[in-house]
Amino acid sequence: MTYWADHAQQLKHELAAELSAEDLRRLHAKRPWLHALVAFGNFAALVLAGVAVVHFDRWYLWVPFAFLAGFAVFNCTVLLHEVVHRAVLNKSDDRLYRILGLLYAIPSGIPLRRYKILG
């Protein structure tokens with residue numbers, strides 16, 4: 001096994017020792033509304049940060065918003081990761097997963113076709 005696979009197995013064993021099967025199931029439950037809320041907040045932060053960066057003419061005012069925009073773009077990769085593993089919707093919908101994948105792939109600059117599951 002690889003380094004990551006070994007450590008993932010170790011983590012699974014530790015979690016199983018600490019949490020009940022029901023707790024683990026609840027932690028792995030898909031929460032589409034929570035995902036939508038996080039995605040909406042992420043894109044709102046990205047848009048508002050972009051507006052602030054364009055609006056402020058002094059670098060020390062717009063730099064914090066540029067960092068915020070950077071985090072929002074990175075968070076698109078996290079949202080994309082959830083889509084790739086089909087961890088968003090309770091009922092699998094290929095078309096909606098493809099739309100979400102494109103929505104998250106574009107700001108992050110990750111080509112969606114790189115992922116076999118969606119490509």
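**View 1. Arg86 sits in the loop between α4 and α5 (94–108).** Welcome to this predicted model, in which residues are numbered from 1 along each chain as its sequence is written, local features need pLDDT of at least 70, side-chain atom pairs count only at pLDDT 80 or more, and totals for chains, interfaces and linings use all residues. Side-chain values use heavy atoms, with hydrogens and water left out. Helix names such as α4 and α5 follow DSSP runs numbered from the N terminus (helices are H or I runs of at least four residues, strands are E runs of at least two). Arg86 has a phi near 55°, a positive value in a residue other than glycine. Is Arg86 buried or exposed? Arg86 is buried, because its relative accessible area is 19%; buried means under 20%, exposed over 50%, and partly exposed in between, with a 1.4 Å probe and protein chains only.

**View 2. A salt bridge joins the side chains of Arg86 and Asp94.** The N to O distance here is 3.2 Å. For this term, a side-chain nitrogen of Lys or Arg must lie within 4 Å of a carboxyl oxygen of Asp or Glu. The two partners differ in cover: Arg86 counts as buried at 19% relative accessibility, whereas Asp94 counts as exposed at 53%. How many salt bridges does a search of the whole structure find? The search finds three, and the next view shows the others.

**View 3. Helix α2 (residues 21–27) holds both Glu22 and Arg25.** These two residues form a salt bridge, with their closest N and O atoms 3.6 Å apart. Along the chain they are three residues apart, about one turn of the helix. Glu22 is partly exposed, because its relative accessibility is 44%, while Arg25 is exposed at 54%. Helix α2 also holds Arg26 and Asp23, again three residues apart, or about one turn of the helix. The side chains of Arg26 and Asp23 meet in a salt bridge of 2.5 Å, N to O. Both of these partners are partly exposed, Arg26 with a relative accessible area of 46% and Asp23 with 24%.

**View 4. The largest pocket holds about 240 Å³ of space.** The elements that give two or more residues to its lining are α3 (32–55) and α4. Which element gives the largest share? That is α3, with four residues. Among the lining residues are His28, Lys30, Arg31, Pro32, Leu79, Glu82 and Val88. By class, the lining has seven nonpolar, two polar and three charged residues. Here Ala, Val, Leu, Ile, Met, Phe, Trp, Tyr, Cys and Pro count as nonpolar, Asp, Glu, Lys and Arg as charged, and the others, Gly among them, as polar. A pocket is an open set of points on a 1 Å grid over the protein atoms alone, with protein on both sides within 12 Å along at least five of seven lines, and lining residues have an atom within 4 Å of a point.

**View 5. Trp59, Tyr60, Leu61 and Trp62 make a nonpolar surface patch of about 440 Å².** A patch of this kind joins nonpolar side chains (Val, Leu, Ile, Met, Phe, Trp, Tyr) within 5 Å, from residues with over 30% relative accessible area and no salt bridge. Trp59 is found in helix α4 (residues 59–84). Trp59 is exposed, because its relative accessible area is 57%.

**View 6. Pro107 lies in helix α5.** Pro107 is partly exposed, with a relative accessible area of 27%. Its partner in this view is Leu79, 28 residues apart from Pro107 along the chain. The C-alpha atoms of Pro107 and Leu79 are separated by 11 Å. Leu79 also appears in View 4, where it helps line the largest pocket.

Technical notes. Patch = residues over 30% accessible without salt bridge, like charges linked within 9 Å, V, L, I, M, F, W, Y side chains within 5 Å. Areas by Shrake-Rupley, 256 points an atom, 1.4 Å probe, with all protein chains shown as cover. 1 Å grid on protein atoms, 1.4 Å probe; cavity = no way out; pocket = protein on both sides within 12 Å on 5 of 7 lines; lining within 4 Å. Points joined across faces, edges and corners; volume = space filled by probe spheres on them.
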